[in-house]
Amino acid sequence: QVQLVESGGGLVQTGGSLRLSCAASGSFTSIRVMGWYRQAPENQRELVATISSGGSPNYADSVKGRFTISRDNAKNTVYLQMNSLKPEDTAVYYCNAATKYYGISNIDTWGQGTQVTVSS
């Protein structure tokens with residue numbers, strides 16, 4: 001079983017910055033992809049950014065140039081640096097990890113979510 005613990009959400013004014021962290025623990029032999037998704041009220045969960053084990057990032061168009069995803073493989077942790085925040089970035093942000101446990105691949109795990117609120 002894999003656990004993801006998120007931290008770093010909060011309330012910030014438009015134009016401000018926040019940094020989210022997500023640490024993975026539990027039973028896995030490797031973490032293939034880690035990422036961040038978000039869900040605003042009455043909206044579907046959407047991709048924010050993902051990063052491969054080799055460090056290749058992928059961003060939603062809405063956050064390109066403002067958000068930066070990174071990971072520390074030694075700490076099994078993924079980060080999301082969010083700059084120039086806008087009210088439309090307000091959502092619950094969820095960490096996701098695709099892990100491998102010996103011969104079992106793509107075990108999909110979600111964190112509990114952390115609230116990000118951007119005031120106008």
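Patches here are made of residues with over 30% relative accessible area and no salt bridge, with like charges joined within 9 Å and nonpolar side chains (Val, Leu, Ile, Met, Phe, Trp, Tyr) within 5 Å. A salt bridge is a side-chain nitrogen of Lys or Arg within 4 Å of a carboxyl oxygen of Asp or Glu, and accessible areas come from the Shrake-Rupley method with a 1.4 Å probe, only the protein chains shown counting as cover for residues. The model is predicted, so to speak of local features takes pLDDT of at least 70 and side-chain atom pairs count only at pLDDT 80 or more, while totals for chains, interfaces and linings use all residues. Numbering runs from 1 along each chain as its sequence is written, and side-chain values use heavy atoms, leaving out hydrogens and water.

On the surface, Y101, Y102 and I104 make up a nonpolar patch with about 340 Å² of accessible area together. I104 belongs to strand β10 (residues 104-110); strands (E, at least two residues) are DSSP runs, numbered from the N terminus.

Turning inward, the largest nonpolar core has 29 residues, and W36, L80, M82 and Y93 have the most contacts inside it. Such a core is a set of buried Ala, Val, Leu, Ile, Met, Phe, Trp, Tyr and Cys residues joined through side-chain atoms within 4.5 Å, buried meaning under 20% relative accessible area (1.4 Å probe, protein chains only). Among the strands supplying at least two core residues each are β1, β3 and β8 (77-82). L80 touches W36 and Y93, among others (contact: heavy atoms within 4.5 Å).

In β1 (residues 2-7), V2, L4 and E6 point to one face and are buried, whereas Q3, V5 and S7 point to the other and are not. β1 pairs with β3 (residues 18-26) in the antiparallel sense over 6 bridges (pairing takes at least two DSSP bridges).

Definitions and conventions:
Buried means under 20% relative accessible area, exposed over 50%, partly exposed in between (1.4 Å probe, protein chains only). Helices (H or I, at least four residues) and strands (E, at least two) are DSSP runs, numbered from the N terminus. Lists of a residue's contacts leave out its neighbours within four places in sequence.
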